[in-house]
Amino acid sequence: LWAHVQQGPPDPILGLTEAYNKDTFPNKVNLGVGAYRDDEGKPHVLQCVTEAEKRLLDAHLNKEYASIQGPKDFRDASAKLALADADNALAEGRVTTVQSISGTGGLRVAGIFLAQFYNFPNKDRAIYLPTPTWSNHLPIFRACGIEPRTYSYYDKNTCGLDFKGMMQDLDKLENGSVVLLHACAQNPTGVDPTPEQWHEIATLIKQKNHLPVFDMAYQGFASGDYDKDAYAVRHFCEQGMLPFVIQSYSKNMGLYGERVGALNVVTTDPQQASAIESQLKIMIRALYSNPPIHGARIVATVLNDNDLHALLLKETHAMADRITSMRTRLVEELAKAGSKLDWSHIQRQIGMFCFSGLTEQEVQELISTYHIYLTKNGRISMAGVSSGNVEYLAHAMHAVTAH
Ligand code: PLP
Ligand code: TYF
């Protein structure tokens, strides 16, 4: 019956963890998947989350279904965290927010909505993605019948932003194109536009009437400051644009497996917001009926309590700081190991990842000789680097790059 079904390839990122788990070498290092680890290399549960869970347990809540769009206290707090009072959009009731199955699910629902309702300027319904981008963006949008295409983003020569190339490409697109932007801490490059560059990007996108879709998977995680990391999103709103904003609580609250996030659609008026919400609900009903309740309750409890909210900001800041300090340590250790190469981009890049510039062959050697696992594009999950392995990592990186 199923003879025609062939073995599929493993996921490029999650497949690495499978290989890592099978490796019996005692000092193996997993720098593949972007999930935060403490300095002992252990997964980290935030205190504010544990405290929220205690309160939820004490409240003896029932397990009834959530509404299709998720609980209102969660949605209001989530939208406020992302948008604050940008352009008065929330106060004017012109934002639709629905809970999503984390960032991935939010992107997928956004894609389904766009495929059904957006008036694409191109026949094949394209979404323009930065090169490179999170590998899952391509299958997510393809599955919605939207064709992933690219715009220039990363400059290999500077290990920084190809701002000129990006602006030229966005300018060349047909007016009204759908453009995906990483709100902050671009995955996989760790390269973000500066506020001044965001201003120019916003001016161009507005002039071209493109639709901005912000993937906001790392708010708070890039700089340690939730407002700073939302700068681009809020600036676009203030310029009168109507972005899609997809949030994830995987990284900033460490709620990976709870699968909690939100899709926000900024519109011109409450009637539009309401119509869009009704259509999103119809789509969600057919996809998974209604969202999981526990993660949303945690997020709502944390965001809506002053003390827990303050604790969250502190804890996110501490995670971002540990990553920044590991960037510094890695550059120092590379120099100590004797590397004469310029590794300064490791410190310039931001967020969970470092786009190291290691070639596919060098990555292969790191995996096979040193049991250090990372994606073949040379992306290092900085969250996996710790005081205990940074010296070993630097030594290995030097060994595979000193030709
Ligand atoms: N978008 C980007 C850029 C990401 O890096 C990730 C996770 O790594 C996601 C979205 C979605 O993650 P999740 O579905 O866990 O929210
Ligand atoms: O490391 C990354 O870029 C992500 C991690 O459901 C991830 O791909 C893993 C599982 C998942 C979403 C994101």
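**Figure 1. The shell around ligand 1, by residue class and by origin.** In this predicted model, the shell around ligand 1 is made up of nine polar residues, three nonpolar residues and one charged residue. The shell counts 13 residues. S102, G103, T104, S248 and S250 are the closest of them to the ligand. Which helix gives the most to this shell? Helix α4, spanning residues 102–117, does so with three residues.

**Figure 2. The shell around ligand 2, drawn from two domains.** Eight names make up the view: I13, L14, V33, G34, T104, W134, N136 and N187 surround ligand 2. By class, four are nonpolar and four are polar. No charged residue belongs to this shell. Domain 1 (14–45 + 322–401) gives at least three residues to the shell, and so does domain 2 (65–304). T104 appears here around ligand 2; T104 is also among the closest residues to ligand 1.

**Figure 3. The contact between domain 1 and domain 2.** The protein is split into domain 1 (14–45 + 322–401) and domain 2 (65–304). Between the C-alpha centres of the two domains the distance is 29 Å. In the contact, 17 residues of domain 1 meet 18 residues of domain 2. Which elements give two or more residues to the domain 1 side? They are α13 (345–348) and β11 (353–355). β11 gives the most to this side, with three residues. The domain 1 side holds eight nonpolar, seven polar and two charged residues.

**Figure 4. The open sheet of seven strands.** The strand order is β2-β10-β9-β8-β7-β3-β4, with mixed pairing. Which strands stand at the edges? They are β2 (95–101) and β4 (147–152). Each has a single partner strand, so one side of each lacks a neighbour in the sheet. On average, neighbouring strands are turned by 25° against each other, direction ignored. Strands of a sheet pair through backbone hydrogen bonds, in either the parallel or the antiparallel sense.

**Figure 5. Pairing of β8 with β9.** Strand β8 covers residues 211–216, and strand β9 covers residues 244–248. The two pair in the parallel sense over four bridges. One bridge partner is shown by name: M216 is matched with Q247 in β9. S248, one of the closest residues to ligand 1, falls within the 244–248 range of β9.

**Figure 6. Two helices lying across the strands.** Helix α3 (residues 72–83) lies across β2, β8, β9 and β10 (260–266). At what angle does α3 run to β2? The angle is about 105°. Helix α4 lies across β2, β7 (178–182), β8, β9 and β10. α4 runs at about 35° to β10. This is the helix that gives three residues to the shell around ligand 1.

**Figure 7. Two cis peptide bonds.** Most peptide bonds are trans. The bond joining T131 and P132 is cis, with omega about -5°. P132 sits in the loop between β3 (126–131) and α5 (137–143). A cis bond also runs from N187 to P188, where omega is near 15°. P188 lies in the loop between β7 and α7 (195–207). N187 is one of the residues around ligand 2.

**Figure 8. Positive phi at C159.** Most residues other than glycine have a negative phi. C159 is not a glycine, yet its phi is positive, about 50°. Where is C159 found? The residue is in the loop between β5 (154–155) and β6 (160–161).

**Figure 9. The whole chain, for orientation.** The secondary structure amounts to 15 helices and 13 strands. The radius of gyration is 21 Å, close to the 22 Å given by the globule rule for 403 residues, so the protein is as compact as a globular protein of that length. Along the principal axes, the C-alpha atoms fill a box of roughly 65 × 55 × 55 Å.

Key: Residues numbered from 1 in each chain as written. Chains lettered and ligands numbered in written order. Predicted model: local features only at pLDDT ≥ 70, side-chain atom pairs only at ≥ 80, totals over all residues. Near = placed C-beta within 6 Å. Nonpolar A, V, L, I, M, F, W, Y, C, P; charged D, E, K, R; others polar. Domains from an automatic or database assignment. Contact = placed C-beta atoms within 7 Å. Pairing = 2+ DSSP bridges. Axes fitted to C-alpha atoms, helices over the stretch in contact; angles between N-to-C directions. Rg over C-alpha atoms; globule rule 2.2 N^0.38 Å.
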